[in-house]
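Please open the model in your viewer and keep the sequence panel beside it, so that each selection can be followed in both places. The tour goes from one selection to the next.

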Amino acid sequence: SVGSCLRYEKPESIVIDGKSYETDDWTNLPSSILKLVGRNLHLNPNHPIGILNSLVKKRFGNMGYTHYDNFKPVVSKFENFDVLGFPEDHPGRSKSDTYYINKDYLLRTHTSAHEYYCFKNCETPGYFITADVYRRDEIDKTHYPGFHQMEGARIWKKDENVIETISKDLENLPTIDIIVEDTPKSYDDKTNPKQEYMSVEEVALVSRHLKRTIEILVNEVFHLGMIASKKNRNNKKIEPLKVRWVEAYFPWTAPSWEIEVFWNGEWLECCGCGLVQQQVLINSGKNEDTIGWAFGIGLDRIAMLLFGIPDIRLFWSEDDRFLKQFKEGSVNYFKPYSKYPSSKKDISFFINSGKEKGNESERGFHDNDLYEIIREVSQEDLIENVNCIDNFVHPNGKLSKCFRITYQSMDRTLTNDEVNKIHEKIKQTLAERFDITLR
Ligand code: FA5
Ligand code: MG
């Protein structure tokens with residue numbers, strides 16, 4: 001399995017939010033990630049993520065949704081994957097993608113991990129959730145292992161009045177000035193089928209309600225972003241936002257879509273959604289005659305655009321020059337303070353095991369394993385970027401890899417000595433934990 005030659009020295013137990021979890025073979029949660037847990041950036045009213053959260057909360061405040069933003073980040077494997085119908089072999093379940101505390105518990109990888117709880121317990125027909133989520137991922141300006149999502153959901157009882165009820169709810173949604181390009185039909189038998197238990201008319205209405213709700217959300221947020229960006233460029237003209245819908249797939253919704261927003265000349269994917277699978281609703285204690293939608297939107301990349309923030313790591317900065325720039329209720333452009341110099345260093349090695357294997361992951365080393373070591377060794381976010389610049393199978397059958405690491409601090413100039421020490425420690429840790437030979 002992936003990381004089979006990993007010799008990760010883990011503690012006997014890990015304490016999160018006052019609860020102690022025994023570690024086991026599945027544990028892969030490093031201290032560098034654990035220290036992000038509990039920062040609650042989305043609850044800080046003067047932080048870009050918190051400002052974005054408040055804006056949406058305010059927009060939907062009088063529309064009858066319950067807004068949860070206090071859910072703890074540790075969830076069960078059942079809540080994050082099983083109940084949502086993730087297939088056993090879905091890559092999201094693997095140790096190379098997800099931070100496991102042990103075989104049963106993990107850091108949620110998405111806010112959908114709370115659908116089970118919310119469908120079971122929420123007393124209003126709809127809810128919103130905002131929370132920090134965690135994924136083992138690459139390192140660059142738009143990927144960070146901790147980020148934020150907002151989830152929304154809405155259900156109806158499928159009784160004899162259902163068509164009338166949803167139609168009325170649809171009429172009551174506020175109208176907005178937005179350009180929607182080529183909205184696909186509400187479902188497609190072949191590529192994006194509806195569920196058996198829904199009528200054609202029901203799918204059309206519920207998906208219309210879902211799409212309109214998301215359009216209202218992104219319009220609100222991006223409109224403020226437009227004002228901020230025009231102010232930034234001394235240009236007053238504001239045009240309506242342009243969006244489009246594309247078909248998507250999620251195990252727990254059908255049909256499913258993603259919305260893309262046209263921003264600075266590019267289509268930006270920002271939110272997945274769909275009509276909730278009947279089985280998920282039933283699993284969560286709902287009557288089988290329940291119909292509804294759910295969506296999940298990533299907040300960090302949107303906040304980067306709206307606030308003109310060039311690097312996703314900045315959200316986690318504790319530097320006053322960052323934090324002092326943002327105030328409750330206001331979307332304003334980030335004024336960069338001097339960037340500190342960067343230095344690049346390479347790390348090259350052979351992977352010794354799995355010579356006969358073609359598949360990289362079967363060799364017992366995954367790129368994410370290196371990223372993890374880097375984050376662990378370099379505790380203060382001193383790395384801007386890691387690039388795999390070379391990857392080839394040597395005639396001796398061993399896989400050879402070379403990574404280029406760009407060292408740069410958000411907060412100060414790094415000394416040569418300090419960078420060398422970190423780089424050596426990364427090499428040493430890599431060599432200790434994996435069956436590799438440094439070159
Ligand atoms: C989801 O996480 C689903 N839970 C969304 C959903 C909810 C679908 C309910 C249907 C019903 P996805 O993995 O695509 O989907 O992530 C959603 C958004 O999170 C993305 O569009 C993106 O904006 C953001 N995102 C994903 N990975 C990262 C990352 N590493 N850093 C920052 N943002 C990310
Ligand atoms: Mg996606």
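Before the first selection, one convention is needed: an angle of 65 to 115 degrees counts as roughly perpendicular. Please also keep in mind that this is a predicted model.

Begin with helix α2, residues 48-60, and add helix α8, residues 300-307. These two helices pack at an angle of about 100°, and their axes are 10 Å apart; α2 and α8 are therefore roughly perpendicular to each other. To see where they touch, show the side chains of Pro-48, Ile-49 and Leu-52 in α2, which meet Asp-300, Ile-302, Ala-303 and Phe-307 in α8. Sorted by class, this contact has six nonpolar residues, one charged residue and no polar ones.

Next, select the open sheet, whose eight strands follow the order β3-β6-β7-β12-β11-β10-β9-β8 with mixed pairing. At its edges you will find β3 (65-68) and β8 (178-181), each of which pairs on one side only. From one strand to the next, the twist averages 25°. Keep α8 in view as well, since this helix packs on the sheet, where it touches β7, β10, β11 and β12, and its direction makes about 50° with that of β12.

Within the sheet, pick out β11 (residues 266-276) and β12 (residues 290-298), which run antiparallel and are joined by five bridges. One place to zoom in is Cys-273, whose bridge partner in β12 is Phe-295.

Finally, move to β14 (residues 383-393) and β15 (residues 399-407), an antiparallel pair with nine bridges. Ile-383 stands opposite Tyr-407 in β15, while in the five residues between the strands of this hairpin, Gly-397 takes a positive phi near 95°.

Note on methods
Residues numbered from 1 in each chain as written. Chains lettered and ligands numbered in written order. Predicted model: local features only at pLDDT ≥ 70, side-chain atom pairs only at ≥ 80, totals over all residues. Pairing = 2+ DSSP bridges. Helix = DSSP H or I, 4+ residues; strand = E, 2+ residues; numbered from the N terminus. Axes fitted to C-alpha atoms, helices over the stretch in contact; angles between N-to-C directions. Contact = placed C-beta atoms within 7 Å. Parallel < 35°, antiparallel > 145°, perpendicular 65-115°, else oblique. Nonpolar A, V, L, I, M, F, W, Y, C, P; charged D, E, K, R; others polar.
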